[in-house]
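Reader: I have a structure to read and no idea where to begin. Can you take me through it step by step?

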Amino acid sequence: MIAEAHALDTYDDKILAELQRDARMTMAELGRRVHLSQPAVTERVRKLEIAGVIKAYRAELDLSRLGYGIRALVRVGRAEYARVVKLIEQTPEVINAFNVTGEDSWVLEIAVIDVPHLDAVVSKFCVLADTSTSIVLNAPREHAPVLPARQENVRPAAHRLKDR
């Protein structure tokens, strides 16, 4: 069983990258793409699932085709944690919620039909704390494949120019 990210090898990296691109492919196709037999790739995927590296498989939906014309990020200031969590759970428009550090306590991603719908959803959170909303214009990068963290893949920061 795989317990830590450093226990993953390059085959696991390839499997994870391929599954993040298309989790519906057959094990035979996955094996072809990563150059392993179908039984070998099936066993590796099973171990990744058991280890919790692969948590779930989901469908990615086009929100605009479901009638949601606006995606927005709503930053919510400091408020009682339990009250915010309860409101998030009662608000189906919240598609992602992050409890964060910094000036705001929460960043919520919401999907709404139009501006009046946006106002109605944001108004619920304004009762708890100050909010700030940004409408998503486009998303040039979403759901990018993530591979195991390895120190050797970290590039050092660029050296700063010395004062002239």
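Author: Begin with the vocabulary. Helices and strands here are DSSP runs, with at least four residues for a helix and at least two for a strand, and they are numbered from the N terminus. Keep in mind that this model is predicted.

Reader: In what pattern do they follow one another along the sequence?

Author: The chain reads α-α-α-β-α-β-β-α-β. That gives five helices and four strands.

Reader: What does the radius of gyration say about the spread of the chain?

Author: Compare the value with the globule rule. The chain has a radius of gyration of 21 Å, and the rule gives 15 Å for 164 residues, so the chain is more spread out than a compact globule. The box filled by the C-alpha atoms is roughly 55 × 55 × 30 Å along the principal axes.

Reader: How many of the residues are buried, as a percentage?

Author: Buried means under 20% relative accessible area. Of the 164 residues, 27% fall in that class. The accessible surface of the chain is about 12,100 Å². Carbon and sulfur atoms hold 52% of that surface.

Reader: Which contacts should I look at along the sequence?

Author: Take the contacts between residues at least 6 apart. Among these, 64% join residues at least 24 apart in sequence.

Reader: Now the strands. In which sense do E2 and E3 pair?

Author: Strands count as paired if DSSP finds at least two bridges between them. Strand E2, residues 94–99, and strand E3, residues 106–112, are antiparallel and share five bridges. For one bridge, start at Phe 98: its partner in E3 is Val 107.

Reader: What lies between E2 and E3?

Author: Six residues, and the two strands form a hairpin. Look at Gly 102 in the turn. Gly 102 has a positive phi of about 110°.

Reader: Next, charges. How many salt bridges are there?

Author: The rule asks for a side-chain nitrogen of Lys or Arg within 4 Å of a carboxyl oxygen of Asp or Glu. The count is ten. One of them joins the side chains of Glu 18 and Arg 33, at 3.1 Å from N to O. This pair links distant parts of the chain, 15 residues apart: Glu 18 sits in helix H1 (residues 10–21) and Arg 33 in helix H2 (residues 27–34).

Reader: Are Glu 18 and Arg 33 buried or exposed?

Author: Apply the cut-offs. Glu 18 has a relative accessible area of 17%, so Glu 18 is buried. Arg 33 is at 36%, so Arg 33 is partly exposed.

Reader: Which salt bridge does Arg 71 make?

Author: Arg 71 meets Glu 142 at 2.6 Å, N to O. Here the partners are 71 residues apart: Arg 71 is in strand E1, and Glu 142 is in the segment after strand E4 (131–135). Elsewhere, shared partners join Glu 18, Arg 21, Glu 29, Arg 32 and Arg 33 into one network of salt bridges.

Reader: And Arg 65: which partner does Arg 65 have?

Author: Asp 62, at 3.4 Å from N to O. Arg 65 has 75% relative accessibility, so Arg 65 counts as exposed. Asp 62, at 37%, counts as partly exposed.

Reader: Last one. Which residues form the nonpolar patch on the surface?

Author: Leu 61, Leu 66, Tyr 68 and Ile 113. Together they have about 400 Å² of accessible area. Find Leu 66 in the loop between helix H3 (38–50) and strand E1 (70–76). Its relative accessible area is 52%, so Leu 66 is exposed.

Technical notes:
Residues numbered from 1 in each chain as written. Predicted model: local features only at pLDDT ≥ 70, side-chain atom pairs only at ≥ 80, totals over all residues. Heavy atoms only, no water. Patch = residues over 30% accessible without salt bridge, like charges linked within 9 Å, V, L, I, M, F, W, Y side chains within 5 Å. Areas by Shrake-Rupley, 256 points an atom, 1.4 Å probe, with all protein chains shown as cover. Buried < 20%, exposed > 50% of the residue type's maximum accessible area, 1.4 Å probe, protein only. Rg over C-alpha atoms; globule rule 2.2 N^0.38 Å. Contact = heavy atoms within 4.5 Å.
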